[in-house]
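Visitor: I am new to this structure and would love a close look at one part of it. Could you walk me through it slowly?

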Amino acid sequence: MAFRLRKLLLTNGCSSYNISTVMANNKNKYSTVFTPLRPISNTCMNNFLSTDQSTFKPQVDSLKSDDDAVVDQDFQKWHNGGGTFHKSAYIHRTAVIEFGAVVHSESLLGENVSIGSGVVVGPDVTIGQSTRVGYNVALTNCTIGDSCVIHNGVCIGQDGFGFLVDEQGNMLKKPQHLNVKIGNHVEIGANTCIDRGSWRDTIVGDHTKIDNLVQIGHNVQIGKNCMICGQVGIAGSVTMGDYVTLGGRVAIRDHVCIASRVRLAASSCVTKDINQPGEYGGFPAMPIGKWRRQVAAQRQTFK
């Protein structure tokens, strides 16, 4: 009720009054009491630059709900887009944080970063300049380079899938305490997941392009200029060189190493190291010529 009355009065020019409502004995009747607002100090409206002149944080009121109750004094509204940020975050003045996005403590957003609605930027996340983050993205325990594109629904930096069985037969979770490092000019497709590391950081090299619905496990290290198509699954601790191309639905088992300039046909399954550049396919993956001969022989057998 108070919110609606305030909106009505502001519409009619009554911006210099504070509204409080008092419920009368009759539940259907309300009386309003108007009291002048305390003058707003100039410092509450000023913006200030940090010492390195690269970030700025507007001094604004704490977020309030409709009934003027303080939600959290540490979170404030960003001037460019209407999103929410923690007062300890470092955000360049040109960054856009759209309404519904949240930037948590000690995070760093560079110049011309764009954060879409519904995004959660977790504590201590770093995003390089000119990077665009789509809607409903979750970023934790990660560093993202310059000029990257993160499409809708991506999750980066969550725990990897690591468990062990103790002497009593109980399933215990392995610690997942490290980070994800995304290089420059990387593009990550919608609903892709990249797990944080457990014994080494998960790394995606510069200029690598990742399609939709890709799973990259913990401790995986991917080189530069790789192409990873949709529905690829890369298990934990895989190491890939530069210029590797993975066709759709390729599966790679854990702890496998793949040399640079390897191309894998769609639906291939890598079960052991690939040490030589070239084209591979099949299950298990083998040189593409050998795989094609096997497929042809099988067709002849079943005729």
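Visitor: Let us take the loop with Gln231: is Gln231 buried, partly exposed or exposed?

Guide: Happy to help! Gln231 is partly exposed, because its relative accessibility is 46%, and a residue has to be over 50% to count as exposed or under 20% to count as buried. Please keep in mind that this is a predicted model. To find Gln231, look in the loop between β28 (227–228) and β29 (233–234). Its backbone deserves a glance too: phi of Gln231 is near 65°, a positive value in a residue other than glycine.

From there, move along the chain to Tyr243. This residue sits in the loop between β30 (239–240) and β31 (245–246). Phi is positive here as well, near 60°, and again the residue is not a glycine. Tyr243 has a relative accessible area of 40%, so it counts as partly exposed.

Next comes a hairpin. It is formed by β36 and β37, with four residues between the two strands. In the turn you will find Gly282, whose phi is positive at about 95°. The strands themselves, β36 and β37 (residues 286–287), pair in the antiparallel sense over two bridges. One pair to look for is Gly281 and its bridge partner in β37, Met286. Now step into the loop between β36 and β37, where Pro284 has its place. The peptide bond that joins Phe283 to Pro284 is cis, with omega at about -5°.

β36 (residues 278–281) has another partner, β34 (residues 262–264); these two run parallel and are joined by three bridges. Across this pairing, Arg263 stands opposite Glu279 in β36.

Before you leave, have a look at a pocket. The second largest pocket has a volume of about 160 Å³. Its lining includes Phe161, Lys174, Trp199, His218, Asn219, Asp254 and His255. Sorted by class, the lining has three nonpolar, seven polar and two charged residues.

Finally, a word on confidence. The protein chain averages a pLDDT of 83, and 76% of the residues score at least 70. Over residues 1–61, however, the pLDDT is below 50. Beyond near neighbours in sequence, that stretch has 69 contacts in the model.

How values were computed:
Residues numbered from 1 in each chain as written. Predicted model: local features only at pLDDT ≥ 70, side-chain atom pairs only at ≥ 80, totals over all residues. Heavy atoms only, no water. Pairing = 2+ DSSP bridges. Buried < 20%, exposed > 50% of the residue type's maximum accessible area, 1.4 Å probe, protein only. pLDDT = per-residue confidence, 0-100. Contact = heavy atoms within 4.5 Å. 1 Å grid on protein atoms, 1.4 Å probe; cavity = no way out; pocket = protein on both sides within 12 Å on 5 of 7 lines; lining within 4 Å. Points joined across faces, edges and corners; volume = space filled by probe spheres on them. Nonpolar A, V, L, I, M, F, W, Y, C, P; charged D, E, K, R; others polar.
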